[in-house]
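The following exercises concern aromatic pairing and ligand contacts. Please work through each task before reading its solution.

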Amino acid sequence: PDTFTIAIDGPAASGKGTLARRLAVHYGFHHLDTGLTYRAVAKALLDRGLPLDDEAIAAEMAQNLDLQHLDRAALVAHHVGEAASKVAVMPAVRRALVAAQRAFAQTPPGTILDGRDIGTVVCPDAPVKLYVMASAEARARRRHAEISASGGEAGFAEILADLNRRDARDMGRTDSPLKPADDAHLLDTTEMDIEAAFLAAKRLVDEAL
Ligand code: C5P
């Protein structure tokens, strides 16, 4: 193939998104945050007052999704992420979004996709797979700092409980549960800052390029 793909997976607030963006800038690769695709479907349902658990309706939203026009600012809200993880358990929704994600992954010269099932399902043949993780406490601390920095208010305990609930839903579902691919490199960022995580990932990518 004439496209080089980097697959990045990990739980919520693991730092995979930040890492993916840094790598995309460094290598000049196209980046897709696949979480935004699930969030966009969830938000479309919420905005229309439609149920989050009707598979046929949600799948139709997923089929009509335009990957070129995902507006991160409109999708970051916490309740949208929560709704996205409910929408993401339905196989027909996943089928539609995975098809669009696979098409994106072909864009030359290279692509970086981050999500929950990139190395296992979306791009199982990617030459580099990273599984980014950090302790639940470290992830809750980062999310808490992020929310405080943007002027928001949320208790640490509440954030930690939310993260644990979302991880449990993502790891426990039948279709494409969150788990490292057998050939993924594990990157534990509990004790790492962004720069250290970037350098560790860059070393793995440079070896495979
Ligand atoms: O990463 P983010 O928090 O934006 O993802 C929102 C939700 O979308 C996740 O909790 C997960 O349920 C779902 N998701 C998924 N597969 C992906 C990306 C996200 O199931 N590849």
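The exercises below refer to this predicted model.

**Exercise 1.** Classify the ring pair F4 and F29 as stacked, edge-to-face or tilted.

*Solution.* Step 1: A pair of aromatic rings is described by the distance of the centres and the angle of the planes. Rings pair if their centres lie within 6.5 Å, and planes under 30 degrees apart count as stacked, over 60 as edge-to-face and the rest as tilted.
Step 2: Two aromatic pairs are counted by this rule. For F4 and F29, the centres are 6.1 Å apart and the planes stand at 45 degrees, so the pair is tilted.
Step 3: F4 belongs to strand 1 (residues 4–9), whereas F29 lies in the loop between helix 1 (16–27) and strand 2 (30–33), so the pair ties together parts that are 25 residues apart in sequence. F4 and F29 are both buried, and together with Y27 they form one aromatic cluster.

**Exercise 2.** Determine which helices supply at least two residues each of the shell around the ligand, and describe the shell by class.

*Solution.* Step 1: Helix 2 (35–47), helix 5 (78–87) and helix 9 (156–172) each supply at least two; helix 2 gives the largest share, three residues.
Step 2: By class, eight residues of the shell are charged, four are polar and three are nonpolar.

**Exercise 3.** Identify polar contacts of the ligand and state how much of its area the protein buries.

*Solution.* Step 1: Among the 15 residues around the ligand, R39, R94, D117, R166 and D170 come nearest.
Step 2: Ligand oxygen atoms lie 2.6 Å from a polar side-chain atom of D170, 2.8 Å from a side-chain N or O atom of R94 and 2.9 Å from one of R173.
Step 3: The ligand taken alone exposes 460 Å², of which the protein buries 96%.

Notes. Residues numbered from 1 in each chain as written. Predicted model: local features only at pLDDT ≥ 70, side-chain atom pairs only at ≥ 80, totals over all residues. Heavy atoms only, no water. Phe/Tyr/Trp six-rings, centres within 6.5 Å; stacked < 30°, edge-to-face > 60°. Helix = DSSP H or I, 4+ residues; strand = E, 2+ residues; numbered from the N terminus. Buried < 20%, exposed > 50% of the residue type's maximum accessible area, 1.4 Å probe, protein only. Near = heavy atom within 4 Å. Polar contact = N/O pair within 3.5 Å; in protein donor to acceptor, adjacent residues only side chain to side chain. Areas by Shrake-Rupley, 256 points an atom, 1.4 Å probe, with all protein chains shown as cover. Nonpolar A, V, L, I, M, F, W, Y, C, P; charged D, E, K, R; others polar.
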